[in-house]
Amino acid sequence: MAGVRSLLLLLLLLLVVQSSCVGVRSPLAVLKRFKETTRTFSDECLGTTRPVIPIDSSDFALDIRMPGVTPKQSDTYFCMSMRLPTDEEAFVIDFKPRASMDTVHHMLLFGCNMPSSTGSYWYCDEGTCIDKANILYAWARNAPPTRLPEGVGFRVGGETGSKYFVLQVHYGDISAFRDNHKDCSGVSLHLTRLPQPLIAGMYLMMSVDTVIPAGEKVVNSDISCHYKKYPMHVFAYRVHTHHLGKVVSGYRVRNEQWTLIGRQSPQLPQAFYPVEHPVDVSFGDILAARCVFTGEGRTEATHIGGTSSDEMCNLYIMYYMEAKHAVSFMTCTQNVAPDMFRTIPPEANIPIPVKSDMVMMHGHHKGKIETDSKDKTSLLQQPKREEEDVLEQDFHVEEALDWPGVYLLPGQVSGVALDPKNNLVIFHRGDHIWDGNSFDSKFVYQQRGLGPIEEDTILVIDPNNATVLQSSGKNLFYLPHGLSVDKDGNYWVTDVALHQVFKLDPNRKEGPLLVLGRSMQPGSDQNHFCQPTDVAVDPGTGTIFVSDGYCNSRIMQFSPSGNFITQWGEESSGRNPKPGQFSIPHSLALVPHLNQLCVADRENGRIQCFKTDTKEFVQEIKHASFGRNVFAISYVSGLLFAVNGKPYFGDQEPVQGFVMNFSSGEIIDIFKPVRKHFDMPHDITASADGTVYVGDAHTNTVWKFTSAEKMEHRSVKKAGIEAQEIKDSDHKLEASSGRVLGKLRGKGGGGLNLGNFFASRKGYSRKGFDRLSTEGSDHEKDEEDGSESEEEYSAPLPAPTTSSS
């Protein structure tokens, strides 16, 4: 069997790397071929008659366009090729799409040495390239264009680079062609003969042995390989499956720590997406990927293959390397560390909402798809509503009882966050408290004579053993409130006594990097805050959002340098507040990939989400179990975490934490601590691995909770290995090569050492191999709740009593 297995793997790699673009040729393919061998353009295609345009002595542009085509059928894929106009080595350093969303669904550009046809264009079901093809560029409607970093180029020509470019254009809906006009969509390349210090390349992760049982709700396909090359730097990624794929995620695993490369729905336009944070991969790291499928609606098992009734699980990683060590193409088709996937971040199992107008088409041709079933179809049933989570997995968090940080007794804990190293950061008030004597009726702080807090108010805590790793913030603050950490590790904090927002470098001792607001001066104009509560910083743009606050009911937006941009929101009144009305906007959470900002509208007991660009209201999340208050929220990869407040007299809702599916807003878990109890859980933060921290401003406590997935689905079934059903309600794991996901346990242990600080972290299936599509093309072939406490009142006591925090 080992010999057969090795032979099959060898055959597969030959298919992918060497003849990846040939595909499965139909007997009718010859009849479909366009015989024109010269490049002619329609008169309607202006500006495309000069495919090679000199720029200067070393640079030139290459205009690669369709030569005036008119598709006659929806979901038509046309290909065309162009030879590199020089035999010398050159470098592609920029791409400019020449296409309209009204006409073209998506385009792919490949580099190879021999195209599948010598005609001016051809149907792509004949294949793209005869030899191996490397994806250089992808463009899709509603998707960002590919951008190369400065100094990075794709090497072409010369002795080792591609000699041809092959353009693949997918025309989805051809209603735009009712007038029979001719299309010249394509892409313009900027090339240079000047050697580039960094060379771009592609790393393909692909499953070759996934089997998706018919009717199975959740099937995971995992890929992992040891990286044994010179360092590479990842800057973009692309995912690809067919109809059954729900989410594809890729990671670098180093010292058992998972770092996200990219995560996307394969039903979205399959362009290359920029990584949120640059990721370097070094010798000894592991690259890991997971595709999540559903077999619901299928009447027979689905295998890996190239037709629209088959499936694929591909992750393309675009990287650059130093020129002297550059490798242009690498592949991974194995799973060398299946047990490692027990600790994969929960985000990898959560589908990404896809709106109907952005769904990627998957080659819905009119060929027959025959099966052995009576209905002769193996197609998906009608999809669920566009933002419904079809993967009905349980997600549960429990207190990490071995974590000693719960015995940490700082001052009132007002904020918690995680830094880029996943260390816990705590913002606390030391010996200062917020009570009914703190402010007058005009929100002016009345205890200034106490001076600022004389101990460090910001603590960096090891998430494993609760060791204090670093501390800062002495003699700066009077009444700390909100805390967040940006992608560069800077702290953003608010002080309700100072009425200010501060940006702090944890390694800088000279003072704040940025201060917004006027010290001890409450106000409601562009230069003043009134008891600001929280800050959120967009990781992509650096835009600053501030929730302001206890006496202003608004969200303010500032540029990265602190210039006021805009504000929105107003005070709510009555029992049915409208969208955009707030009663203490208390906590913020960004959802970067959806360009949304969510606000914990505390006294209205709800969460409101808005578009970050237009400020348009998107959704409200409100549940009876929230009671009258929602104090804090945190978003991580499809999950929204929240904590409520103590119930009013006569109310029944307890103080607790919530885990919600962000797309549907539904509560999927409720949690409470075992040691001590929630009294005023003031802030919450969650990490990608499912770890949750809650800070309480009354009990002066921080709890750690870890995820425990109760599995009721199967893992990937490998042919020749019987897939075993996982029912992990007891949170036990049985390792096997066919099971790759289990309970995610938080690491604990280590002694408590905080006291001193306050005193002075069997074989492969052949089926699907014969029909395996290539790495070079994605074209699919068809087959014939208030509080009695006075802890934080922002004004003389109202009626009914409302807790501040």
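Biologist: Which residue forms a salt bridge with R606?

Modeller: Happy to start there, keeping in mind that this is a predicted model. Side chains of opposite charge can pair when their charged atoms come close. Here the closest N and O atoms are 2.8 Å apart, and the partner of R606 is D601.

Biologist: Is D601 buried or exposed?

Modeller: The cut-off for buried is under 20% relative accessible area. R606 has a relative accessible area of 1%, so R606 is buried. D601 comes out at 0%, so D601 is also counted as buried.

Biologist: Which residues do salt bridges that share partners join into one network?

Modeller: Good one to look up in the structure, which holds 17 salt bridges. Some salt bridges share partners, and one network made this way joins R252, R254, D280 and D285.

Biologist: Is D488 buried or exposed?

Modeller: D488 forms a salt bridge with K487, with 3.5 Å between the closest N and O atoms. K487 is at 40% relative accessibility, so K487 counts as partly exposed. Exposed means over 50%. At 56%, D488 therefore counts as exposed.

Biologist: How far apart are the closest N and O atoms of K96 and D94?

Modeller: K96 has a relative accessible area of 42%, which means K96 is partly exposed. A salt bridge needs the nitrogen within 4 Å of the carboxyl oxygen. K96 and D94 form one, with their closest N and O atoms apart by 3.7 Å.

Biologist: Where is T691 found?

Modeller: Let's place T691 by its surroundings. Leaving aside neighbours within four places in sequence, T691 is in contact with T685, A686, K704, F705 and T706. T691 has 7% relative accessibility, so T691 counts as buried. Its position is the loop between β45 (681-686) and β46 (692-696).

Biologist: Which side chain does a polar contact join to that of T691?

Modeller: The burial of T691, at 7% relative accessibility, does not leave its side chain without a polar contact. The contact spans 2.9 Å, and the other side chain is that of D689.

Biologist: Over which residues does pLDDT stay under 50, with 85 contacts beyond four places in sequence?

Modeller: For the chain, the mean pLDDT is 79, and 76% of residues reach 70 or more. Where pLDDT is low, the predicted coordinates should not be read in detail. One stretch with pLDDT below 50 is 779-791, with 74 contacts in the model beyond near neighbours in sequence. The stretch you asked about, with 85 contacts, is residues 10-43.

How values were computed. Residues numbered from 1 in each chain as written. Predicted model: local features only at pLDDT ≥ 70, side-chain atom pairs only at ≥ 80, totals over all residues. Heavy atoms only, no water. pLDDT = per-residue confidence, 0-100. Contact = heavy atoms within 4.5 Å. Helix = DSSP H or I, 4+ residues; strand = E, 2+ residues; numbered from the N terminus. Buried < 20%, exposed > 50% of the residue type's maximum accessible area, 1.4 Å probe, protein only. Polar contact = N/O pair within 3.5 Å; in protein donor to acceptor, adjacent residues only side chain to side chain. Salt bridge = Lys/Arg side-chain N within 4 Å of Asp/Glu carboxyl O.
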